[in-house]
Amino acid sequence: MKTESPIFRNRDLLQFPTLLQHVSERESDGFLIVITCETEALEEAVVQHLGTELAGDFLLRRVNYSSSGYAPLHKALRHETQQGDADGESEHGHAGAEKPQAYLLRGFPYEIFDEAPDLIAEELALLMEHLDHGARHALDKHQRWFLFWPPGVEQQMSEGATEFYQQVCYTARFSDHTRFDTCFRFEPERAEASLLRAERQLTSAQAKRRKAEAHNRLARMIRKYGHLKDAETHLDQATTSEFGPTFERNVILERARLAHWQGRSEEARSLLEKAGAVRDTTDRASSRTLLALEWGWFALLGGSPGKANKHLSEAIEAAAELHGADWDRGFHRLRAAIFSRQGLWRETKGELGQLLLPDEDSLLLQARALIKLGETGDALEALGHLFVKHRRRLSQSVRGRALGLAALVFSRVGHVQEAREHALQGLRILQDSGIRIYIPEAYMYLGLVHQGPEARAHFSEAHRLAGELGDSFIEAKSLVRLAEHAIDNDEEEEAERFGERALDLAQTHDYREVEGMARSVRCYLQIKRNQWALALGQGCFALNLLDKTGVASPQARLFLRLADVHAKLQNKQHAIKFLSYALETYRKADHLPGEAKALNALAQFYRDQGNRSQAENYTNRASMVTRLLG
């Protein structure tokens, strides 16, 4: 199955066979099929694809919203009795009277609906009223309808035209994938103007204090857009003279951040202690708040969510003494990051939702939460918004990590080559900037978008670097991924070794998502050893943990394992239930590789039950997904 336009996501191409199957089954009786498209260009691509697929079976005729007076079903009925109606022009030529007709309701005002939906609210209400009254009548006359409108209309339709929706046999949803290609492929310029401005301020500064401040400002700009070593050079210049406790503390904190990002955690700790020893008589509460937040981030990235939470409480307590100072964004950001390390992704999303003006780091964490929760489409939108909103101002740290997240999204929806390119580009950005602390995570992204020995090599490198940097979080995650990779290669001893080490780290540092994944690995190993009761208990324990975290993909993988347990125990209904849960979870997450795995598992289940027709059905669907994945 091919399409001329690259506008479709691979995930969307899977909808055409299902759609065409509904058309084939209801050709003589008539049908109502709703197709939602994000843009008019995408609608045109879908119509062209349908025209190619249905050219031999139907004469497709277009009916417009505007010219039909928002009563398109009645208009088409009149057209059938009065040939030559102007609104019934053919979409794909005239194939002769012997072909049955199918109508395409098109021409919805996308631009008006996106920019000012109130302008067409009255017309939309009339359309819903007409659809409610006309749907049954159209089917009684055996009419065939494809109705096109934007995704935003569908919710209104499903609530305001319930009688109509009861008659709809299928709803297909298509997303315009191409709008993200340029967003992520385009390499925006670094903020050269900002760097040049800071350099000019340094050059023009005459007084020692002005020059020191200019060095400090330029160091911050280089830390964001250049290499960390260059930023340290300017900070050294900024500390050649004494200019008061506030300036001294700020420079020390900047040095601590640079040391931490380069993986020198002991030096960063020493600098934070030094900053805390600076006596600032003018703004003590503000100083305590700032220092507590810095200690919170240091503790969190060092693998201690509990200590980070304690420092957050200290920061909130210190800020309570301030009047008019707004520290809420800093508090929400740190609390959301703590939730994310604990694997509480619903809480992470909720905490970030309280930010009125989220910064780039908050937007990045929001996208990560959406990916974890299986809201893949929203995650892609969030990443696109991050790149578009900040453009040249996006820091190298955020840019590199965001490309890694984009890689995960592209991998899920089946664009594997693009995913690998984005993950590699993200790694190179972090390496070129000297930001060592996020490089293990970048190798994790590379492992997740590769297979076989390459994936194992990337996970192993992530584990090695995380150990060097003292990042227990990535260390635990890489271990559990190595365990899953070993499972895929039937290396049970390796899987057990990696899984148990991951479980120890997860329990020590309260990484609940990793603990759930590690217990899922243990469940699998007990299944392989025919320890059904132990496997069921371990699987239920893991499911409880993963359900609290909200993570979609590991939960779907566990559903498949629990289905296997119940199948072996002859609990057929429970087995089907968990297989269905897995398939639905992967589908909602637009996770094509997972969907193929769930379909194959269903095929195997029905094959074992002797139901060959069902097994063949699921096998064919799995093969279709696999072909799209290449």
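Two strands are taken to pair if DSSP finds at least two bridges between them. With that in mind, the account below, which concerns a predicted model, begins with a strand and its partners, then turns to salt bridges and to one packed pair of helices.

**Strand E1 and its partners**

Strand E1, which spans residues 31–37, pairs with strand E5 (residues 170–174) in the parallel sense over five bridges, and in this pairing Ile35 of E1 stands opposite Ala172 of E5. E1 also pairs in the parallel sense with strand E4 (residues 144–149), here over six bridges, and the bridge partner of Val34 in E4 is Leu147.

How many of the residues of strand E1 are buried? Seven of the seven are, so the strand is largely enclosed by the rest of the structure. In a regular strand the side chains alternate between the two faces of the sheet. In E1 both faces are covered, with Phe31, Ile33, Ile35 and Cys37 buried on one side and Leu32, Val34 and Thr36 buried on the other. The partner strand E5 is mostly covered, four of its five residues being buried.

**Salt bridges**

Side chains of opposite charge can pair when their charged atoms come close. A search of the whole structure finds 30 salt bridges, among them the three pairs in the table, where each distance is that between N and O atoms.

| Salt bridge | N to O distance |
|---|---|
| Glu232 and Arg264 | 2.5 Å |
| Arg436 and Glu468 | 3.5 Å |
| Arg512 and Asp510 | 3.2 Å |

The bridge between Glu232 and Arg264 has its closest N and O atoms 2.5 Å apart. Glu232 lies in helix H12 (residues 228–238), whereas Arg264 lies in the loop between helix H13 (245–261) and helix H14 (265–277), so the pair ties together parts that are 32 residues apart in sequence. Buried means under 20% relative accessible area, and Glu232, at 16% relative accessibility, therefore counts as buried, while Arg264, at 24%, counts as partly exposed.

The side chains of Arg436 and Glu468 also meet in a salt bridge. Because Arg436 lies in the loop between helix H22 (416–433) and helix H23 (439–448) and Glu468 lies in helix H24 (residues 452–469), this pair ties together parts that are 32 residues apart in sequence. Arg436 is partly exposed, with a relative accessible area of 34%, and Glu468 is partly exposed as well, with a relative accessible area of 48%.

In the bridge between Arg512 and Asp510, Arg512 is partly exposed at a relative accessible area of 29%, and Asp510 counts as partly exposed at 31% relative accessibility. Elsewhere, salt bridges that share partners join Arg436, Glu461, Arg464 and Glu468 into one network.

**Helices H18 and H19**

Helix H18 (residues 345–352) packs with helix H19 (residues 360–372) at an angle of about 145°, their axes being 9 Å apart, and the crossing of the two helices is left-handed. On the H18 side the contact is made by Trp345, Thr348, Lys349 and Leu352, and on the H19 side by Ser362, Leu365, Gln366, Arg368, Ala369, Leu370 and Lys372. The residues of this contact divide into five nonpolar, three polar and three charged.

How values were computed: Residues numbered from 1 in each chain as written. Predicted model: local features only at pLDDT ≥ 70, side-chain atom pairs only at ≥ 80, totals over all residues. Heavy atoms only, no water. Axes fitted to C-alpha atoms, helices over the stretch in contact; angles between N-to-C directions. Left-handed = near helix turned anticlockwise from the far one by under 90°. Contact = heavy atoms within 4.5 Å. Nonpolar A, V, L, I, M, F, W, Y, C, P; charged D, E, K, R; others polar. Salt bridge = Lys/Arg side-chain N within 4 Å of Asp/Glu carboxyl O. Buried < 20%, exposed > 50% of the residue type's maximum accessible area, 1.4 Å probe, protein only.
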